[in-house]
Structures are given as structure tokens and as C-alpha cells.
Amino acid sequence: MRVAYTLLKQAELYNQFNDYQELQATSVEALKYLETSQDSIYLESVYVYLGISFAMMDDLESATESYYKGRSYVSQDWKKATVDNNLAYANILKGNYRKANLLLSEAFRQYSLPDTLEIKTKLLDNFGFSVFKLGNPDGQAYVMDALRLRKASADTSGLIASYLHLAEMVSDREEAVNFALDAERLAKLYNAPEDRLQALRILVNQSSSENIELFSKNFIRISDSLESKRLKTRTAFAKIKYDVRRLEEEKMLAKMERIRERNEKLLFINISFVLAFASAAIVYFLVRRSRNIRKKATYEAEVRISTKLHDELANEVHKTIVFTETKNLSDEANKETLLQRLENIYEGTRSISRDNSEVPEGDFGQALRELLQEYNSDECAVIAQGIANVDWEKLERRRQLEFYRIVQELLANMRKHSQCSHALFLFAIDGRNILLTYSDNGSGSAKIGQARKNGLRIMENRISGLKGSATFESMPGNGFRAYVQFPL
């Protein structure tokens, strides 16, 4: 619970500084630590943050799904109205004014909210703006009502929003400038740089020529300052994450070192009289084993397809042939059984084909996106970040094929073993190294099962062939994580 709370506080800051990629990644991370039956108040916030991140990254479909999931965890009318307003605002940003208007009209019909509630004024303001955007001048009256209520309750941020909307809605140029000046004054007074930039943008477009230079200079200065502040915040968070990860690794290494020292002492006490012989045997074994591991892993990867064909499909085909020879196919029940068996054979061939398909030529980044999209479903949302940040052309074709198979193996493990609802693939470049971080919110396990071990062993040998390294983590209730890096 504390971890989820801390992650939500980080998400709040990422939202404040409009860092929507980190907002999305942090929200997905927080989901791993929350239980539906106990943590509804936190789940509401997580899904709202996910909705915001999706909306601001132009994925309105995912934003809508996340907003409605968050809405299912609240019971108060004002909270439901807040979610509906967020979704309507996301549609306004995308230019879907009719959809926004329908959502807000339904909110007014469904909820009875007092004028003193801040959400009431937000609904009024956005409703009026959507009406205006649909070509109806009556929208200005709703925004003016919202402005009146906000003045009565001293809602500063709301006043800024109303002034900005009115500056865009009124036809009189001087009146528009006055509304924009009011918004700029309040934004400056209460340190709201994003709103101030929006007001200055309107003033640059609407003001007389003698004032444009002043407004333009202020716009550039504030924009540069805001970007610098965002960069410092991102850098600070990156350092915190790096420090936490480094401390965790140091603790793990220290623990492993203590275990190693203890085992060495016990080994020396118990088998000191055969140490020379045992050492020679171990050296011989390790040299032989290291040669055989790579051969075995390659063999396992190549033989897996034929094993599936024999164990899963050949037997099913044989049973189906026997069934057709021994059963009366004019019987309706036997027909249904035969059709189901043929469907099973078809699904089996599709599974083998997808897991072992050819790697597409051309744009490798696009090939990765398509591969990840194949595994995206209603049961499990596969989220990918950073593909565009890597120059895949620098990676030779042979190494592209190996990396594609590594991602494919992670997806196969996810589908077969994780039982997760969200999985995140994060691609990045660190100097001359390509980094891949995978995490899901599945059930996890203290001990990785044999079937999953086989897949991970094949993956490790592929990574070794790329002269890279990999770390895997899995704990009950804490999902599964993989950290992969290899040089370009």
C-alpha cells in the first residue's frame, strides 16, 4: 500500500509537469501493488491518471476505457461527474465536440449538483465551450454562468479557464483581449505558467501591433523557463530511480556475497580431503558444460516446433481420424465433436505459426510494434514505449532477428504464465547499449516453473549470443520483470 501511495505521488508530479510517458509508466507500476477489493480509492486515481496519459498521447480509445474503469470505483455523484468531465475534456482536445457535448448533457441530466461544487462550474464551462464549437452562440451564456459561480467561490484556476474560453468565443477583438489579459494576470499571480502561455498566445494573435512584441517576448521567456523546469524535474526523478535501483542491486550483491562466503566455508570443512580431485573434476565439468549449454539451448529452440507438432497436433489429428472412422457422423452430437476437434487443430497451428513466424523485412521498429500489437487484447493490455527512440538501422539484421525472438519469447511467457492484465515493454538507449525493461502485474511466483525456466534459458542464450546480459525477477503477487541489455 505504501509503495502504491508513493507511486501515485510521483504520478501526480508527472501530471503536473505534463510528462505523460512517465505518468503512464508510473501508473501501470502502481497497479501491481493494488487489490481491487481493498484499494478502490487508489485504483480510482490510478485509472484517472492512465486516462489522462492516454488522452494527452492521442490514444482516446484507451483513455475512454481507463476513465470508465476508474469511474467504476466511485459512488459519489460529484466524483462520477468529475470522471465524465475529464472524458469530455479529452474529446474537446481531440476536436470531438459533439461527443463531448453528449457526455456533458448526460452528466447534467444524471447528477444534481449544487452551485457551490467546483465540478458544477467545470461542467458548465466545458458544456458552453462545446456548444460554441458546434456553431451555437448560446454557448457563451453557459460559460458566463460558470464565470459568475467561480467569482462567487473565489475559484482562481476556474476563473482562468473561463477567461480563456471567453477570449476565444467572443467576436469583439477588444473584448477578447480584455478576457485574455484577465487570464494572464491571474495566471501570473498564482504561478500557473501553462495557463499564462495560453493567454499570451491569444494576446499575440488578437492584440494591436505595438503590443505584440511585448507579449511575444513574454511568451518565449516563460516557455523556455517552463521547459527548463520540466527538464530539471525529469532529471531529478531519473536520479532518484537510479539511486533506488543501485541500492537494491547493492543489497542483492551483498546478500549473494554473504551466501557465497558461508557456502565456501562449509564446503571447505566438509570436503577438504578431496579438494584437489574435486577441483579437477569441477573444472572439467564446467568446461564441458559451457560447451554443451549453447548447443542444448539452440537444439531446444529448434526442436520446440517439432515437439509441438508431434505432441499437440499429430496426436489430435490421429484421434480425429480414428473418430471419423469409428463414429456415425450423421449423428448431430458426433458432428459437433468433430467440428470442435478440427477447431482445436486449427488453433494449434495458429499458435505455432504466430510463435515462430518469419521476422518482417524493412522497418524493424514497425515490426516490433506489430508483434506487440498481436498480443494486445481485452484480457491483457500490452503497452510499448520508446521504440521510436532507438535507431534500429544501426543494429545489423542478424542481431535484429535475435532481439525479435527475445521479445517474442517474453510475449509467449507472458501469455502462457503471467495471468496479467497489463504488461509494459520499455525500449531505450544508454550510450552504446540497447536496453529492454519488461514488467507485468501478473501473479508472479517465488519459484519459476519448469516450463517457464525452459523459455527463459533459451532467452538467456540468445542474449548471450548478443554479448548482452539479462536479469529476471518474480515474486508472488508482484508480477514478473526482465531487464535486458546488449551492445549495438
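Angles under 35 degrees between two axes count as roughly parallel, those over 145 as roughly antiparallel, those from 65 to 115 as roughly perpendicular, and the rest as oblique. The axes themselves are lines fitted to C-alpha atoms, for helices over the stretch in contact, with angles running from 0 to 180 degrees between N-to-C directions. The model is predicted, and local features need pLDDT of at least 70, side-chain atom pairs count only at pLDDT 80 or more, while totals for chains, interfaces and linings use all residues. Residues are numbered from 1 along each chain as its sequence is written, and side-chain values use heavy atoms, with hydrogens and water left out.

The protein has 17 helices and 5 strands, where helices (H or I, at least four residues) and strands (E, at least two) are DSSP runs numbered from the N terminus. Of its 488 residues, 39% are buried, a term for under 20% relative accessible area, with exposed meaning over 50% and partly exposed lying in between (1.4 Å probe, protein chains only). If contact is taken as heavy atoms within 4.5 Å, then 60% of the contacts between residues at least 6 apart in sequence join residues at least 24 apart.

A single residue can serve as the entry point: Ser66 lies in helix α4, which spans residues 60–71. Ser66 counts as buried because its relative accessibility is 7%, and, leaving aside residues up to four places away in sequence, Ser66 touches Tyr47, Leu50, Gly51 and Phe54.

Further along the chain, helix α7 (residues 118–133) packs against helix α8 (residues 139–153) at an angle of about 160°, with the axes 7 Å apart, and the two helices are therefore roughly antiparallel to each other. The crossing of α7 past α8 is left-handed, which is the case if the near helix is turned anticlockwise from the far one by less than a right angle, a clockwise turn being right-handed. On the α7 side the contact includes Leu124, Phe127 and Phe132, and on the α8 side it includes Tyr142, Val143 and Leu149. By class, this contact of α7 with α8 has 9 nonpolar, 3 polar and 4 charged residues, where Ala, Val, Leu, Ile, Met, Phe, Trp, Tyr, Cys and Pro count as nonpolar, Asp, Glu, Lys and Arg as charged, and the others, Gly among them, as polar.

A second helix pair is formed by α15 (residues 364–374) and α16 (residues 397–418), whose axes come within 11 Å and cross at roughly 15°, which makes α15 roughly parallel to α16. Here α15 passes α16 in a right-handed crossing. Phe364, Ala367, Leu368, Leu371 and Leu372 of α15 meet residues of α16 that include Phe403, Tyr404, Val407 and Leu411, and the contact has 9 nonpolar, 2 polar and no charged residues.

The strands form an open sheet of 5 strands in the order β1-β2-β3-β5-β4, with mixed pairing. Because β1 (381–385) and β4 (469–474) stand at the edges with a single partner strand each, one side of each is left without a neighbour in the sheet. Strands count as paired if DSSP finds at least two bridges between them. Strands β2 (residues 422–430) and β3 (residues 433–440) pair in the antiparallel sense over 8 bridges, and Leu424 has Ser439 in β3 as its bridge partner. Strand β4 also pairs in the antiparallel sense with β5 (residues 480–487), over 6 bridges, with Tyr483 in β5 as the bridge partner of Thr471. These two strands, β4 and β5, form a hairpin with 5 residues between them, and Gly477 in the turn has a positive phi of about 75°.
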